[in-house]
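Dear colleague,

Please find below the structure that I am handing over to you. My notes on what was found in it follow directly after.

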Amino acid sequence: MDSKEAMRTLITLTLMLTLVNYVETMVIPALPKIETQFSTTATTVAWVTSAYLIVGAIASPLFGKLGDRYGKKKVYLLSIGFYSLAVLLAGFSTNIYFLIFARAIQGLGYATFPLAIAIITDLFPKERVAWAQGILSATLAAGPALGLLVGSYIVQDLGWPYAFHTAFLLSIILVIISAKYIVEIPEKTREKIDYLGATFLMLTVVPLLVYLSNGPNVGWTSLSQLLLIAISVIAFPIFLLVERRANEPLMRLDLFGVRNIIVANIAGLISGAGMFLMFTGLVYYLQLPQPYGLGLSIIESGLLMAPVALVMMIVGPIVGRLINATGPKPLLIIGSVISIFGYLLLDTLRYSVYEVVLDVMITAVGLVNIMIPLVNMVAVSLPEEQRGIGIGMNTLIRTIGSSIGPVISTVFMDTYTTWIIYDFNDQIVPLAQVPSYSAFHYMYTAAVGIMFLNLIVALFTRNYVIKTGQHA
């Protein structure tokens, strides 16, 4: 493959993934304004983000399988085409339910990341795959940083619909560029799509994610919630049974027995929970009034995250290069240790903006050293004809982890609270109930425990070193 074509593909994929992550982050500061404009509740408006996540989780493995079967570029363009159309519709939403519908369709764009990883894994020589994966993974930092910074200004000054309008114009440009410059990756298998297995996978994952999303707002033991978890529990063994009996399964179950696939999926679940536990708690802490938090505005919070994103963008490609020399195991161990240290700092040293920036930068370095090796392990451990679906399944599992993290944070913040009080004419007036110091202490203590568990899982990695022309 011409190296120029490969680099053009990588640059195009990087720009598109940055845009997707930008849009998904800029939605967050828009939520209060959306809630006010449509006169709805916080529970309903939370579906603006949940709908995207839930559809995206199930789309990742399905689109990955479609990419293996029909060609990854075709399916990638289909994914971003749906995404761009949904971004356009979201900007013209006339009620909250139409916006939620548009956001659900946007969830099909969630499959762009596993498809992009699969494309560059097929395209680049083995010794450069990890480096390219590091660049793509850096978009997970660059996009959110832009979303918090640029998105906050657009939402504040122009209104939340313009955040979608501007993103749509950019997405159309990138769709055209993608169609022209991304190299076509031929289909890797002639297998039929196992739609029955896909149905039961959906019945397993969607109710579970809805249960996790609804829990903090409607409770964990209501009849509707118990029904959701029952559907998930019943559907999962049926999915396994269907896959074992299928001549052409959605994904070969024996591949889940490969040691590095097991490690990547378990560690992806654990580290996803730890990462989003931190970010959820941090968003609250930064904006709580002093002395309960740092009292920052949304825009100030976005500015605070900019150096963190810069560090991740620099470290990502470096980690990608190191994988070739060291293999993933040492990096996973180092990443887990650094993350533990970062969470300990967040627990004990977070009383100024500079302290928080330092803490999160250290934690981010650790997380990058975990994320990129995990993606690489999945990509290189799978046969070519199972690569798209395998990376998609890993994305789904990490998404479940990222849904568990905010639940843990919410439980601590709801359990350990204090009152903001105001002295009015010598009368103490309680104004609002907010998370207390103990909430954040237990939150980051839990995060330390989670990352220690990740460290233990990392020890079971079967290490490998990639050299030019061989895979050892």
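**Salt bridges and their surroundings**

The side chains of Arg 350 and Asp 347 meet in a salt bridge, with 3.9 Å from N to O. Please bear in mind that this is a predicted model. Arg 350 counts as buried, at 2% relative accessibility, and Asp 347 likewise counts as buried, at 9%. Elsewhere, Asp 68, Lys 72, Asp 122 and Arg 387 are joined into one network by salt bridges that share partners.

One pair in that network can be described in detail. Lys 72 forms a salt bridge with Asp 122, and the closest N and O atoms are 2.8 Å apart. This pair links distant parts of the chain, since Lys 72 belongs to helix H4 (residues 72-91) and Asp 122 to helix H6 (residues 112-123), 50 residues apart. Lys 72 has a relative accessibility of 0% and therefore counts as buried, the limit being under 20%.

How many salt bridges does a search of the whole structure find? The search finds six. Among them is the pair of Glu 24 and Arg 103, in which the closest N and O atoms are 2.6 Å apart. Glu 24 lies in helix H1 (residues 3-37) and Arg 103 in helix H5 (residues 96-106), so this salt bridge ties together parts that are 79 residues apart in sequence. Glu 24 counts as buried, at 14% relative accessibility, and Arg 103 counts as buried, at 1%.

The surroundings of Arg 103 deserve a separate remark. Leaving aside neighbours within four places in sequence, Arg 103 is in contact with Glu 24, Val 27, Val 48, Thr 49, Ala 51, Tyr 52 and Phe 164. Its salt-bridge partner, Glu 24, is thus one of the residues in this list.

**Packing of H7 and H14**

Two packed helices are described by the angle between their axes and the distance between the axes. Helix H7 (residues 126-157) packs against helix H14 (residues 353-381) at an angle of about 130 degrees, and their axes are 9 Å apart. That angle makes H7 oblique to H14, and H7 passes H14 in a right-handed crossing.

Which residues meet in this contact? On the side of H7 they are Val 129, Ala 130, Gln 133, Gly 134, Ser 137 and Leu 140, and on the side of H14 they are Met 371, Ile 372, Val 375, Asn 376 and Ala 379. By class, the residues of the contact divide into seven nonpolar, four polar and no charged.

**Backbone features in two loops**

Most residues other than glycine have a negative phi, and most peptide bonds are trans. Two places in the model are to be noted against that background.

The peptide bond from Gln 290 to Pro 291 is cis, with omega near 5 degrees. Pro 291 is located in the loop between helix H11 (259-287) and helix H12 (298-326).

Ser 39, a residue other than glycine, has a positive phi, near 50 degrees. Ser 39 is found in the loop between H1 and helix H2 (42-45). Is Ser 39 buried or exposed? At 67% relative accessibility, Ser 39 counts as exposed, whereas Arg 103 in helix H5 counts as buried, at 1%.

With kind regards

Key
Residues are numbered from 1 along each chain as its sequence is written. This is a predicted model: local features need pLDDT of at least 70, side-chain atom pairs count only at pLDDT 80 or more; totals for chains, interfaces and linings use all residues. Side-chain values use heavy atoms; hydrogens and water are left out. Axes are lines fitted to C-alpha atoms, for helices over the stretch in contact, and angles run from 0 to 180 degrees between N-to-C directions. Helices (H or I, at least four residues) and strands (E, at least two) are DSSP runs, numbered from the N terminus. Angles under 35 degrees count as roughly parallel, over 145 as roughly antiparallel, 65 to 115 as roughly perpendicular and the rest as oblique. A crossing is left-handed if the near helix is turned anticlockwise from the far one by less than a right angle, and right-handed if clockwise. Contact means heavy atoms within 4.5 Å. Ala, Val, Leu, Ile, Met, Phe, Trp, Tyr, Cys and Pro count as nonpolar, Asp, Glu, Lys and Arg as charged, and the others, Gly among them, as polar. A salt bridge is a side-chain nitrogen of Lys or Arg within 4 Å of a carboxyl oxygen of Asp or Glu. Buried means under 20% relative accessible area, exposed over 50%, partly exposed in between (1.4 Å probe, protein chains only).
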